[in-house]
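Biologist: Could you walk me through a fold the way you'd read one yourself? I'd like the general idea each time, and then the case at hand.

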Amino acid sequence: MSNRVVQGRMVTPEKLAELIEGEAPLEAESIEDADRDCPDCGSDVIRVGYMPTVTEFVTGYKCQECDWSDTDRDE
Ligand SMILES: [Zn+2]
């Protein structure tokens, strides 16, 4: 059971990655606790590893209570 509640909705790893990325990923791993707090609202942050393309693996972070999200990409 790796589905989590985000902003009041139950999401799968794939859906969580889509919320972070803006597009559905090719693959997504299980959702885990990110062990950090949201910089905007202080709520718990969860993370998910996913592949937006065949050559890229990204760890995405998402607040469970607000719109804040981030990735480990080097901008
Ligand atoms: Zn937040």
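**Reading the fold**

Modeller: Let's start with one residue: leucine 16 touches Val6, Val11, Ile31, Val48 and Lys62, leaving out residues up to four places away in sequence. A contact here means two C-beta atoms, placed from the backbone, within 7 Å.

Biologist: What kind of model is this, and how are residues numbered?

Modeller: It's a predicted model, where local features need pLDDT of at least 70 and side-chain atom pairs count only at pLDDT 80 or more, while totals for chains, interfaces and linings use all residues. Numbering starts from 1 along each chain, as its sequence is written.

Biologist: Which residues make up the largest nonpolar core?

Modeller: The idea is a set of buried Ala, Val, Leu, Ile, Met, Phe, Trp, Tyr and Cys residues joined through C-beta atoms within 7 Å. Buried means 20 or more other C-beta atoms within 10 Å of a residue's own, exposed means 12 or fewer, and partly exposed is in between, with C-beta atoms placed from the backbone. In this chain the largest such core has 12 residues: Val11, Leu16, Ala17, Ile20, Ala28, Ile31, Cys38, Val45, Ile46, Val48, Tyr50 and Cys63. Helix H1 (13-21) and strand E5 (44-53) each supply at least two of them, and E5 gives the largest share, 4 residues.

Biologist: And how many helices and strands does the protein chain have?

Modeller: Those are DSSP runs numbered from the N terminus: helices are H or I with at least four residues, strands are E with at least two. Here there are 1 helix and 7 strands, in the order β-β-α-β-β-β-β-β from the N terminus. The radius of gyration is 11 Å, close to the 11 Å the globule rule gives for 75 residues, so the chain is as compact as a globular protein of that length. That radius is taken over C-alpha atoms, and the rule is 2.2 Å times the number of residues to the power 0.38.

Biologist: How much of the chain is buried?

Modeller: By that C-beta count, 25% of the 75 residues. As for contacts with a separation of 6 or more, 35% join residues 24 or more positions apart.

Biologist: Which backbone angles would you check?

Modeller: Look for positive phi in residues other than glycine. Glutamine 7 has phi near 50°; it sits in the loop between strands E1 (4-6) and E2 (9-11) and is partly exposed, with 13 other C-beta atoms within 10 Å. Aspartate 35 has phi near 60°, but its place is in strand E4 (residues 32-37), and it is exposed, with 9 such atoms within 10 Å.
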